Amino acid sequence: MKIEQIKSFDNHKMVLFFNDDKLSLRGFIAIHSIFNKLSLGATRFCEYKSEIDALNDVLKLSKNMTYKCAVSDIKYGGAKAVIIKKEKSYKSIDFLKKYAFFVNSLNGLFKTGADVGIFEEDIKILKKYSKHIIDDYSKNDPSYWTAVGIFYAIKSSLNFVFKNDLFIDKTFAIKGVGKVGFNLLKLILEHKGNVIVSDKNDNLIKKIKKTFPTVKIVDHKNIHKEKVDVYSPCALSNEFTEKNIKDLNCKIICGGANNQLENEVIGELIFKKGIIYVPDYLSNSGGLISVVSTYENKSKKFLLNKIKKIYNKVYNLLNLSIEEGIPTNIILKEKVLDFIENNNKYINI
Ligand code: NAD
């Protein structure tokens, strides 16, 4: 079998497989692109049906990071890591220390932080064993800034559809109220939007019922069917498939989850249904922008200004998509590929 036959290979630069049987620690670090001697991407810890599924996920996620750097005008490459959660895997100090060791083996080519299943307390431990863990909660919480970016992307889409960008009297559905979804929920409530949520984790749902009694809770398998203005997926990859998009009942899709479309064709089908889709690597780019700002010691003002630019980028993209009759995911991909071909010099969004 040729490596290229792996579904999501897409000309990756490097893939590291790591394994420690005793600790039940196993996974991949994938580096899709290297720019300025660096590639960035957070670490995910979750269950997979098979190791090939985990490999395909990490490859798709690291390519997505290359695209995210491009739309954010960030001059680094894209990467990602996946740790496969098994029944016996437990994020003990030894487990995290060993993972830090694998990250260190790349000598700084790969810098990482927290994605799904990795939390602030894990990052604190990882930082003790690796200087390549670049989330720094004493400066910026990336998931908060991811939510701020999604907030501006939603605001812009509302303006595009309703000719005003207010959240009041509009309805939002958030699937997954983990680090990103919870911060987004708070922002929407602060702006007086009506929110429906779902999560697989019953403890999180209990917390929401207690903290925000006005929020409606629905079953996570059916939240995409809710009649809402904005549907915001903030859980895992492959949210939209040919089968489930038939049930969508929203005007706008704009969320935090990475790789929301199972494949490119789904973007066209969503477009044909007349639903506005904001590509995930644009809507959720606030997290990457915050990590890079922290890494480069930029001010909060710089960070917020850069995140606010998502508003105009989304608006321009939606305009272009309607004017040219081309789905947003296709237009944005073409712009990213042009940018890469031109040695990451200038992106016109
Ligand atoms: P998290 O682990 O904190 O939260 C994910 C939540 O989704 C969990 O509460 C989990 O129970 C829930 N979930 C999983 N499957 C579900 C399902 N089928 N239905 C309902 N809920 C489900 O992760 P996070 O950091 O909040 O990341 C969420 C998404 O945003 C991921 O796709 C991640 O890659 C993406 N993202 C995160 C960041 C960041 O800064 N953390 C940045 C950019 C993109």
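**Reading the ligand shell, core and a helix**

Helix α4 gives the most to the shell around the ligand, with 3 residues.

Q: What kind of model is this?
A: This is a predicted model, where local features need pLDDT of at least 70, side-chain atom pairs count only at pLDDT 80 or more, and totals for chains, interfaces and linings use all residues. Residues are numbered from 1 along each chain as its sequence is written, and side-chain values use heavy atoms, leaving out hydrogens and water.

Q: Which residues come nearest to the ligand?
A: A residue is near the ligand if one of its heavy atoms lies within 4 Å of it. Of the 26 residues around the ligand, R44, D115, D199, A235 and N258 come nearest. A polar side-chain atom of N258 is 2.8 Å from a ligand oxygen atom, and a backbone N or O atom of A235 is 2.7 Å from a ligand oxygen atom.

Q: Where do nonpolar side chains tend to be?
A: In soluble globular proteins they tend to be buried together. A nonpolar core joins buried (under 20% relative accessible area, 1.4 Å probe, protein chains only) Ala, Val, Leu, Ile, Met, Phe, Trp, Tyr and Cys residues through side-chain atoms within 4.5 Å. Of the 60 residues in the largest such core here, I154, I174, L184, L185 and V197 touch the most other members. Helix α4 (residues 142–162) gives the most to this core, with 10 residues.

Q: How far apart are the end C-alpha atoms of helix α11?
A: Helices are DSSP runs (H or I, at least four residues), numbered from the N terminus. The expected span is 1.5 Å times one less than the number of residues. For the 14 residues of α11 (residues 328–341) that gives 20 Å, and the end C-alpha atoms are 20 Å apart, which agrees.

Technical notes:
Helices (H or I, at least four residues) and strands (E, at least two) are DSSP runs, numbered from the N terminus. Buried means under 20% relative accessible area, exposed over 50%, partly exposed in between (1.4 Å probe, protein chains only). A polar contact is a pair of N or O atoms within 3.5 Å; within protein, one must be able to donate a hydrogen and the other to accept it, and residues adjacent in sequence count only if both atoms are side-chain atoms.
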